[in-house]
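Dear colleague,

I am passing on the structure we spoke about, and below it you will find my notes on what came out of going through it. Please read them with the coordinates open beside you.

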Amino acid sequence: MTIRFKILENCFLLAITAVSVLFLYLATGYGRIARQLPILVCCLTLALLAVRLAQVNFAKQDTGEITFRNRVFFLGLLTVLLLVLIPVTGLLLGSVLFLPACMISFGYKKPLPIAAISLGYVACIYLLFVQMFNMPLPESLLGF
């Protein structure tokens with residue numbers, strides 16, 4: 001499957017614009033002082049997005065095409081599966097299952113580095129969010 005890079009970038013920029021407009025709308029419900037920073041960030045983001053959209057659409061050079069292979073669709077399927085299973089498995093166990101599957105699909109074959117990277121990532125997420133910031137990770141039905 002081949003998509004023109006210009007079309008893909010336009011879609012991405014328009015999606016970011018929609019998210020920025022949504023955040024801008026949500027920020028209007030905050031208190032007078034609390035809404036100043038989100039509104040400033042959203043306005044700057046929208047201005048930069050407008051400039052980038054103009055650059056992309058008025059450029060005279062051809063940006064080429066992107067060819068998607070089956071691996072990309074498999075990665076998308078794994079990502080959707082992870083998002084669906086997080087309520088069941090939890091973020092940590094889901095990541096321990098997701099990362100090796102991604103690494104194997106991209107050609108990594110050595111099990112020791114795959115296991116080390118996956119477990120190291122999960123340990124970093126746990127230490128950073130649970131231990132340092134005292135933020136709970138998404139709860140699961142399995143209790144992880």
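I begin where the last of the helices in these notes ends: α4 is followed by N134, whose phi is positive, near 55°. Please keep in mind throughout that this is a predicted model. N134 lies in the segment after α4, and its phi of about 55° is positive although the residue is not a glycine. That deserves a second look, given that most residues other than glycine have a negative phi. As for its surroundings, N134 counts as exposed, because its relative accessibility is 63% and the cut-off for that class is over 50%.

Helix α4 itself covers residues 111-132, and its 22 residues should span 32 Å at 1.5 Å a residue; the end C-alpha atoms are 30 Å apart, which agrees with that expectation. Within α4, the residues I114, S118, V122 and I125 are buried. When you look at how these positions are spaced, it may help to recall that an α-helix has 3.6 residues a turn, so residues three or four places apart point the same way.

The pair formed by α1 and α2 took up much of my time. Helix α1 runs over residues 5-27 and helix α2 over residues 36-58, and their axes come within 9 Å and cross at roughly 160°. That angle makes α1 roughly antiparallel to α2, and the crossing in which α1 passes α2 is left-handed. On the α1 side the contact is made by K6, E9, N10, L13, L14, I16, T17, S20, V21, F23, L24 and A27, and these meet P38, I39, C42, C43, T45, L46, L49, R52, L53, V56 and N57 on the α2 side. By character, the residues of this contact divide into 15 nonpolar, 5 polar and 3 charged.

Each of the two helices also has the length that its residue count would lead one to expect. Helix α1, with 23 residues, reaches 33 Å from its first C-alpha to its last, close to the 33 Å expected at 1.5 Å a residue. For α2, likewise with 23 residues, the expected span at 1.5 Å a residue is 33 Å, and its end C-alpha atoms are 33 Å apart, which agrees.

Which residues of α1 are buried, and what covers them? The buried residues are E9, N10, L13, T17, S20 and A27, and what covers them includes α2. In α2, the residues C42, L49, L53 and V56 are buried, and the buried residues of this helix pack against α1.

Two further residues in this pair of helices are worth finding in the model. I7 lies in helix α1 and counts as partly exposed, at 48% relative accessibility; the C-alpha atoms of I7 and E65 are separated by 9.4 Å, although the two residues are 58 residues apart along the chain. L37 has its place in helix α2 and counts as exposed, at 57% relative accessibility. Between L37 and S140 there are 34 Å in space, C-alpha to C-alpha, and the two are 103 residues apart in sequence.

That leaves helix α3, which covers residues 70-105 and contains S105. Is S105 buried or exposed? With a relative accessible area of 17%, S105 is buried, since the class is defined as under 20%. Leaving aside residues up to four places away in sequence, S105 touches R71 and F74. F74 is also found in helix α3, where it counts as partly exposed at 37% relative accessibility. With the same exclusion of residues up to four places away in sequence, F74 touches A101 and S105. The C-alpha atoms of F74 and C102 are separated by 8.7 Å, while the two residues are 28 residues apart along the chain.

If you go through the model yourself, I would suggest taking α1 and α2 together, and then turning to S105 and F74, which touch each other, and to N134 with its positive phi.

With best wishes

Key:
Residues are numbered from 1 along each chain as its sequence is written. This is a predicted model: local features need pLDDT of at least 70, side-chain atom pairs count only at pLDDT 80 or more; totals for chains, interfaces and linings use all residues. Side-chain values use heavy atoms; hydrogens and water are left out. Helices (H or I, at least four residues) and strands (E, at least two) are DSSP runs, numbered from the N terminus. The expected span of a helix is 1.5 Å times one less than its number of residues. Buried means under 20% relative accessible area, exposed over 50%, partly exposed in between (1.4 Å probe, protein chains only). Axes are lines fitted to C-alpha atoms, for helices over the stretch in contact, and angles run from 0 to 180 degrees between N-to-C directions. Angles under 35 degrees count as roughly parallel, over 145 as roughly antiparallel, 65 to 115 as roughly perpendicular and the rest as oblique. A crossing is left-handed if the near helix is turned anticlockwise from the far one by less than a right angle, and right-handed if clockwise. Contact means heavy atoms within 4.5 Å. Ala, Val, Leu, Ile, Met, Phe, Trp, Tyr, Cys and Pro count as nonpolar, Asp, Glu, Lys and Arg as charged, and the others, Gly among them, as polar.
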